[in-house]
Each structure stands twice: as structure tokens, then as C-alpha cells.
Amino acid sequence: MAATPQNPTAPRRKVSRHRGEGQWAVGHFTPLNGNEQFKKDDDGLNVRTRIETIYSKRGFDSIDPNDLRGRMRWWGLYTQRKPGIDGGKTAILEPEELDDKYFMLRVRIDGGRLTTKQLRVIGEVSQEFARGTADITDRQNIQLHWIRIEDVPEIWERLEAVGLSTTEACGDTPRVILGSPVAGIAEDEIIDGTPAIDEIHRRILGNKDFSNLPRKFKTAVSGSPLLDVAHEINDVAFVGVNHPEHGPGFDLWVGGGLSTNPKIGQRLGAWVPLDEVADVHVGVLSIFRDYGYRRLRTRARLKFLVADWGIEKFRQVLEDEYLKRKLVDGPAPDQPVARWRDHVGVHRQKDGRFYVGFAPRVGRVDGTTLTKIAEVAGAHGSGRLRTTVEQKMIVLDVEEGQVESLVEGLEALDLTVKPSPFRRGTMACTGIEYCKLAIVETKARGASLIDELERRIPEFDEPITINLNGCPNACARIQVADIGLKGQLVLNSQGEQVEGFQVHLGGALGLEAGFGRKVRGLKVTSDELPDYVERVLKRFQAEREAGERFATWAARASEEALS
């Protein structure tokens, strides 16, 4: 006899099935957002053939939208912003309304390693195909603008002929591998990470096992005691340490990243020898591919998985499922002694020669300047150069008798080896000039700010970082700058909406890494920016204790002092 329901008139409760976070490893393959769908339909690496055989011959209007705003990023190509569209329309217009018929092209420079021949080719490509544009990024790449789709195959041919690439410079891929710009030459180096970078590059670049990640994946490897690759804000980082029993190796960090939900990377407490770095890297990368969140783009970064799992579980999954062995426990890196991590200036190498680091203004150069740098460097060094994660550049292997002449040659190009703290410490993202996400202008604003501060407070000699970003996405690392400036529209004294910045104060990288403080309502217009920065730096000078860093002062200062 069938059982009678206790309350047959009660409404049946709807049972909802949790859709999961889109993690492949636990069987969550649907529903797919637009990005996951186009990646499933066709791997981003495959678009190169269409660029070479169809789009470059038929022109911009022939490009499939999923290739144009999706897969072409796998080859370092983003559409740039159409001129004349103000920042108030950034979040309102459709992508096709923001698109210009030109591209930004990102040249991938793993480890920041360049030869004078390679730099000369980038300069020539800039002059011939990019209206002379060139920016050194804070991820050691060089970006060009005004690229026509018709010219892309020839640009690739020229770059690849000298060993350069745009492969996976953008997209949901393993991005450029950051490396110490003085790897293998610095007197104080703990361990040279170059072999590990080369092996990681060999295993992952263009490998379809890793060309469909939830989102981008950022890697850093450095054996420098200066901690010179911003390891704290990368998805995975290998930081040089000396193990008391095993000797030099790397401390493993995971889960760093900025943007609108910033997180400082965390130590796994594991020591990794040089010859195992690539294995561990592939393991961490595979965890992200398999367990990373794909349902929502806003959560599709490794930092969210690390935050949810915790370090203990992450290490266990890495060891048990991917490495099939235990990692060795190891020490944390020491606090760096130097306040600057950019290698600017003249420094002795371990072989007795010198390397010379110099500072462009906010990373902005041009094609002519790049070719001239190649000429000057070639005449005074061995033909080796490096880019840094602070938008700077270094000439290696300079004989002592050549240093003065090299410095003079760089100074003649307005590339100073002894920059003011403002020129040395100011960075800026691409900004509204070319970026479709930006709200305000940054590069020219940053350059003019440097000039104003040098004129107004020439006596200021403390290390200071001032980072300008055109939107909330933090490409210029605003949350970890002494003065971080997030672009937004603000009201001026007349009540008009104008370009301006929300101010973050007292952020820092290093072993005391932390995010800047936001003072309630503290926003400045772009025109008021020099006045504001001058005012807050003079208050710092007046109130600081002996040896106190700006970040420490900003953390304790009154809101009135910071306003």
C-alpha cells in the first residue's frame, strides 16, 4: 500500500542544482560564458593561420568578432581605442563602438632579455609600422600601437627572424615570464634563474595543453636579493633563497594579483632546487587550468582559488596530484637592504665589468630612440640589454673605461642614469590614449607630473613610487605604490565632471608588502595633481621620523595630513 503524503497540499520545494565554479577537475563544464565558449569552439593559437591567410589580405572588416576581441590576443594583438571617445563613455559603449581599426601589439620578452640586434628590429618595426610608438611595460615587454592587420605577418617575420615573439603575450594563457634583469651577472645574486626561465618557456609557450586557461597566468623567477620581479603580485613566483642544508634554490609563492580584488601572494613554505622549478611551475599552472574558476570572469584568477583553498590544501594538491612527491620545506627570503629594486645607475658585475640602468619617462620611448639605444649599447657593451618590471632598461657588460662614454650617450637621448626620485619612481599604464578600458589619460600626465615635482621640490631625495592607472584594473600597480592614482571621473570646483584620480597612499612591495590606504573622499582632478602630490610630500618631509619610509608615515598620518 502506497504511503500517503503527510501534507499533500503543501507546495513542492524547488530543488536547485549548484552549477559550480566551472572547474574542469570536478566536472563543471557548463554553463559557458562567452569567453569559455569561443575558447571551446577553437583554440586561440589557431587564429594565426587566419590572420596570415585571410585577415591580412582582406582587411580589418573581414575579422570574425570572436577572433577580433578574443583569440587574436593569443598572438599579442588588442584592438586599440578609437580616438576622441572620452572616459565617461568607456563603460557605456559596446566593444565595436570603442574599437579602432588599429591594434596594440605586445612583443614578449621573457626574463627581460634583449640583444642590440633585437632592440634595433623592434625600433625599426615601430618606425615603419607603428607610427614610431613604443612603451616599455612593467612586465618587461615592449608595446607598439597603430598596427594594421595587413602588416602583422611581416612584423612577425621580422621579429621571429631575431628570436622574438608575440606568442601568448596576451589572452587566457601563460604570459611573459618575469626574470631578474641582472640574472647571471649581479655580484650579490643568490642563484641564477635563467635556466629555469628557459625550460619553462620551452615547455609552455605555444603548448595547447596550457593555451586555454581560466584567465591570464603570470610567472616570476628571480634569484636576486633585491626581490626585483614583484613576486608578491604574480600567480606563481620563485624567489631566490639559501637553504641551510641544500644551498641556493627558490622559495615558492602562489596566488598574488591586483586589479579590483588585490591579493598579496602567499608562501607555500617550500624550497625548490633550480632543476625542479619547471616541474613545479607546470604543476601550479595545471592546477589553475584544472581547478581554476571559469564560470565568472571576475573570479577566474588563481588568487581566488588560493584564498578559498588555503595554502595547506594547495600544497597538498600540488604534491599529491601533480608532482607525485613531497616538496622540501624551506626558509623565507631575507628583507632586501636596498630601497630601490630597479637596478638604475652604474653597478659592478661579478666579472668586474659594469651594468648601467637608465630611466625613460614612465616607460615611454619611441622607435627612433630604441634604435639609438641599440647603437649606443652596441658600441659600449657586449650587445646584451635588459628591461625591468619598473619600466626601465639596462645595458650589460660594460668595461670600466666605457662607462662614462655610455652614460653620456644615454643622457644625450634623455635617458638618465641618475634620475630624480620622481622620474625613477613614477610609472603609468597605457591610459585613455590607446586603451579601451581606460577612463583618463596617464602617460603624458605622469611625464608632466615628473617635470613639475622636479621643479617644485628639487631637494626631495627619498625613494618614492607614484603609479598612475587609467582605470581600476591596476596594470600600473596602484595599490602597492607609495602614491597610487586610480583614474576616474571627478567633479572640479565648478561642479563639472573632469578627469581625475582616487588616491591610495602607503602601498608597498617587499617582505612588508601591503596595500595603500584610501582616505575617505580623497580624490583629485588631473589638473590639481601636481599641487596635491607636492603638498603631501612636503608634509611627509615635515612630519617623518628619522629613517621613516613614506609608506610607514602614510599609515600613521592623520587624514588631514594626507588630504
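What follows is a walk through the fold, the cores, a strand pairing and the aromatic contacts of this predicted model.

Starting with the whole chain, there are 17 helices and 21 strands to keep track of. The radius of gyration comes out at 24 Å, close to the 24 Å that the globule rule gives for 563 residues, so the chain is as compact as a globular protein of that length. Laid along its principal axes, the C-alpha trace spans about 100 × 60 × 60 Å. As for what is tucked away, 59% of the 563 residues count as buried. Sequence-distant contacts also feature heavily: among contacts with a separation of 6 or more, 69% are between residues 24 or more positions apart.

Next come the nonpolar cores. The largest one has 53 residues, and those touching the most other members are Ile51, Met72, Phe103, Leu119, Ile122, Ile142 and Ile147. Leu119 makes a handy place to look around. Setting aside its neighbours within four places in sequence, Leu119 is in contact with Leu114 and Ile142, and also with Leu370, Ile373, Ala374, Leu385 and Met393. There is a second core too, separate from this one, with 38 residues, including Ile197, Ile200, Trp309 and Ile311.

For a look at the strands, S8 is a good pick. Strand S8 covers residues 236-243, and seven of its eight residues are buried, so the strand is largely enclosed by the rest of the structure. On one side of the pairing list is strand S7 (residues 217-222), which runs parallel to S8 and is joined to it by four bridges. One bridge to look for there pairs Thr219 with Val236 in S8. Strand S9 (residues 247-254) runs antiparallel to S8, with eight bridges joining the two. Here Val241 has Gly249 in S9 as its bridge partner. With three residues between them, S8 and S9 form a hairpin.

The aromatic rings make up the next part of the picture, with 14 aromatic pairs in the structure. One of them is Phe38 with Trp74, an edge-to-face pair with 6.2 Å centre to centre and 75 degrees between the planes. This pair links distant parts of the chain, 36 residues apart: Phe38 belongs to helix H1 (residues 34-41), while Trp74 lies in the loop between helix H3 (65-68) and strand S1 (77-81). Both Phe38 and Trp74 are buried.

Another pair, Phe460 and Phe540, is tilted, at 6.4 Å centre to centre and with 50 degrees between the planes. Again distant parts of the chain are linked, since Phe460 sits in the loop between helix H14 (443-456) and strand S18 (466-469), Phe540 sits in helix H15 (residues 529-543), and the two are 80 residues apart. Phe460 has a relative accessible area of 3%, under the 20% cut-off, so it is buried. Phe540, at 1% relative accessibility, counts as buried as well. These two rings also have company: together with Phe422, Phe550 and Trp553, Phe460 and Phe540 form one aromatic cluster.

Last, a couple of rings have a charge over them. The charged end of Arg294 sits over the ring of Trp24, 3.6 Å from the ring centre. Likewise, the ring of Tyr102 has the charged end of Arg131 over it, 5.1 Å from its centre.

Definitions and conventions
Residues are numbered from 1 along each chain as its sequence is written. This is a predicted model: local features need pLDDT of at least 70, side-chain atom pairs count only at pLDDT 80 or more; totals for chains, interfaces and linings use all residues. Side-chain values use heavy atoms; hydrogens and water are left out. Rings of Phe, Tyr and Trp (its six-membered ring) pair if their centres lie within 6.5 Å; planes under 30 degrees apart count as stacked, over 60 as edge-to-face and the rest as tilted. Buried means under 20% relative accessible area, exposed over 50%, partly exposed in between (1.4 Å probe, protein chains only). A charge sits over a ring if NZ of Lys or CZ of Arg is within 6 Å of the ring centre and within 35 degrees of the ring normal. Two strands pair if DSSP finds at least two bridges between them. A nonpolar core is a set of buried Ala, Val, Leu, Ile, Met, Phe, Trp, Tyr and Cys residues joined through side-chain atoms within 4.5 Å. Contact means heavy atoms within 4.5 Å. The radius of gyration is taken over C-alpha atoms; the globule rule is 2.2 Å times the number of residues to the power 0.38.
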